[in-house]
Each structure stands twice: as structure tokens, then as C-alpha cells.
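This report describes selected features of one protein chain for a reader who has the sequence and the structure at hand. Please keep both in view while reading.

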Amino acid sequence: MINLEKMGKFLRKNREKLNLSQTELGRKIYVTRQAVSQWELGKNFPDLQSAIALAKLYNVNIGDIYAGEILSDKNKYNSIIEFVIKSEMKRIRKIITMLVISLFVILLLFLSYYFISVYNKISIYTINTIEEPYQINGIITKSVNDVYVNFELNKEVNNLCLIYNDTKLNCIKNTNYLVIKETIGNNEQLPELSKISINKFINNLYIEIDNETKIKLNIVHDYKNDKLVFSEESENSDYEDKYIINNSIPKKVLETFKYIKEENIYKLTTNNIEIKYAIDNNVIITKIANKSKTNYYSYDISNDVLYEYTTIDSNNVSKKLKNDEISKEIKKYFKEEILYKYVY
């Protein structure tokens, strides 16, 4: 449709009428000298914006620029303008396509960098430790660079310290909780933490109470961001708000016990043992059925109080012993065979 050679000669003739060099013309219409040279040699034609500037400068119509002559035929003029508009739209679509591809590549690079930087770098651990007369519940969060430790005791103490091996990380007086932030892998203040892994860190965490009682923390790996696709909701997902309200509910309970909505409890039945975890009052009720009798244990988690009941039949239940009255063997059995085995 456009005779490039004819157009080039026309553009050169009009430029020379104004005594302009290709460089001077380029400066006036904001293009390079090379672009002007390409037009006048018939190797390319100007875009619509450049053609408008040339038409104004040479005092001709836009159609004349592309036709390479002063047009008098209206139909020919319209035909050229239609061709130019289509060419311009094609050029714009090409630019938009290149922009979209560029943005997509930039986004892909950013997501790749973010994925490499963050994927499998975040972990959550739960702290559930019972060491009479203390109960310790809390959470450890490992981010990309730091570790946050947050735990609470069931009673206030004079001095509470968090210890890694034999290094005291932080101590607080007259409290029942502790919150700290530490850097693992590059800690200038604590060289002990500068070359260790998160696993080594959590496996060697202790608390010290009143400068004498040292308790190793029982820590369970609860979550890490190593899944590309979210898993389906679990059976207890409808009651996740209860876990948020009372985050001391152990992971084992949430995963292995069945939630009974009507009673607001978690329940597990295995062999001759029935265990109920009451959310409202934070009590663990255990029923152990033997051939001759049935034993009941009620453990108040918040106050660390254990009750023992005995019954011969379902209509004859009597309170037998409370906490200090219970034998060490029974306490040990309850702790190891019920709490540590099924609950924590």
C-alpha cells in the first residue's frame, strides 16, 4: 500500500527545502538521525506520531507523507489513512504484548525469588511440658532469619530463665511467662547460636526456675511451609476457633481425638481406656476399665491437680484420693501412660 521509495524521496525533498540536516530534523520531531535516514532510504516508514510532526513541519497532510506526494484523490487518501491506522494498531498491540510478557517475566522472577527465599523456611513448634509442680505450654516460631520463643508456666516464679545447653538466653523476675527473639545461624552476640540448626536449638532448650530447677522442654514440630498446595480441611477444622481461643490444646488431641460438639470435648477411646479432654474447664477425664473395677482420673491442667476415683458399678462412684494423697506409682502411671502417650 505504501511505496517506501517514493515516500523516502518525498521526505528528503521537503527536508532539503527547509535546509535541515537529518540530525536537525530528528531533534525537531524527537527521533534519531538513524530513523530519519531509514525513512528517506525507503527502508521504513514513520509511525503515526512522527508522521503528524512531519506533516505539520512540511505543511502537508498526513496522507501526503505516506503517499510520497500531494494527494488530490480523496479515495486514495482514505485508503492510505486506513492502512496507516491498521499498521499503528498492530504496532501498539505488539508493544502491549511485549509489555505484558515483560511484566509476566518480572513477576515470575519475583515469585521464584520469594519461593526460594521463604519456602520451607517457616516452622512452628509447640511446647507441652509437665514436670511437677510445673506445667509449661507455649509456641516456638522459626521465620526466615529469627526464632521467636513464647511460653507460659502454670504459676508465677521468682526467677525464670530460658537456657540453650548451659547458655542463659534470657531471664525475668517475678513472672510466669517469657517471650524472646533470637537469631539462629548468624548471632554475633551469642556465638553459641551462630553455627547451629533450628533442630539442634530446640532439642537443647531448657528453662531454669529460681536458679535451681532445670527442666528440659518437650517440643513438638507442629507446622512448616513445605506444601505447594493446601491440604484438605481436617475433621476438626470447623472448630479451629476453639484452638485459637485456647491454644494449649495439644497437637495429639487435635489430631487423634474426636470432637464431640454437644459436650464441647475431645474424646478418644482405645482398648479399655476412654479419655475426654474438656475444653471449657481444661480438664482431662480418664476412664480405665479392668475386670473387677473401673478407675477414673480427673486431671485439672490449669491447677495441676489430679483426682482418682474408684467404682464397682456405674451407680457407685466415690471420690477416693486427691493429688498429694495419690501414690507416686499412680502419678507416674498417669503421666507416662495417659498424658505422654495419648495427650502430649
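Which residue caps the N-terminal end of H6? In this predicted model, Asp73 takes that role, with a side-chain oxygen 3.0 Å from the backbone nitrogen of Asn75. Helix H6 spans residues 74-118. From its first C-alpha to its last, H6 reaches 65 Å, close to the 66 Å expected at 1.5 Å a residue. Following H6 comes Asn120, which has a positive phi near 60°. Ile80, Val84, Glu88 and Val118 are the buried residues of H6, and their cover includes helices H4 (48-58) and H5 (62-67).

Attention now turns to the nonpolar cores. In soluble globular proteins, nonpolar side chains tend to be buried together. The largest nonpolar core here has 29 residues, of which Phe151, Leu162, Phe201 and Ile207 touch the most other members. Among the elements that each supply at least two residues of this core are those in the table.

| Element | Residues |
|---|---|
| Strand E1 | 123-131 |
| Strand E2 | 134-142 |
| Strand E3 | 146-164 |
| Helix H7 | 198-202 |
| Strand E5 | 205-209 |

E3 gives the most to this core, with eight residues. Apart from this core lies another, of 24 residues, including Phe257 and Ile279. Beyond four places in sequence, the residues that Phe151 touches include Ile127, Leu162 and Ile207.

Strand E4 (residues 167-183) contains Thr175. Is Thr175 buried or exposed? Thr175 is buried, because its relative accessible area is 7%, under the 20% cut-off. The side chain of Thr175 reaches the backbone oxygen of Tyr177 at 3.1 Å. Leaving aside neighbours within four places in sequence, Thr175 is in contact with Lys155, Glu156, Val157 and Leu160.

Notes
Residues numbered from 1 in each chain as written. Predicted model: local features only at pLDDT ≥ 70, side-chain atom pairs only at ≥ 80, totals over all residues. Heavy atoms only, no water. Helix = DSSP H or I, 4+ residues; strand = E, 2+ residues; numbered from the N terminus. Buried < 20%, exposed > 50% of the residue type's maximum accessible area, 1.4 Å probe, protein only. Polar contact = N/O pair within 3.5 Å; in protein donor to acceptor, adjacent residues only side chain to side chain. Contact = heavy atoms within 4.5 Å. Core = buried A, V, L, I, M, F, W, Y, C linked by side-chain atoms within 4.5 Å. Expected span 1.5 Å × (residues − 1).
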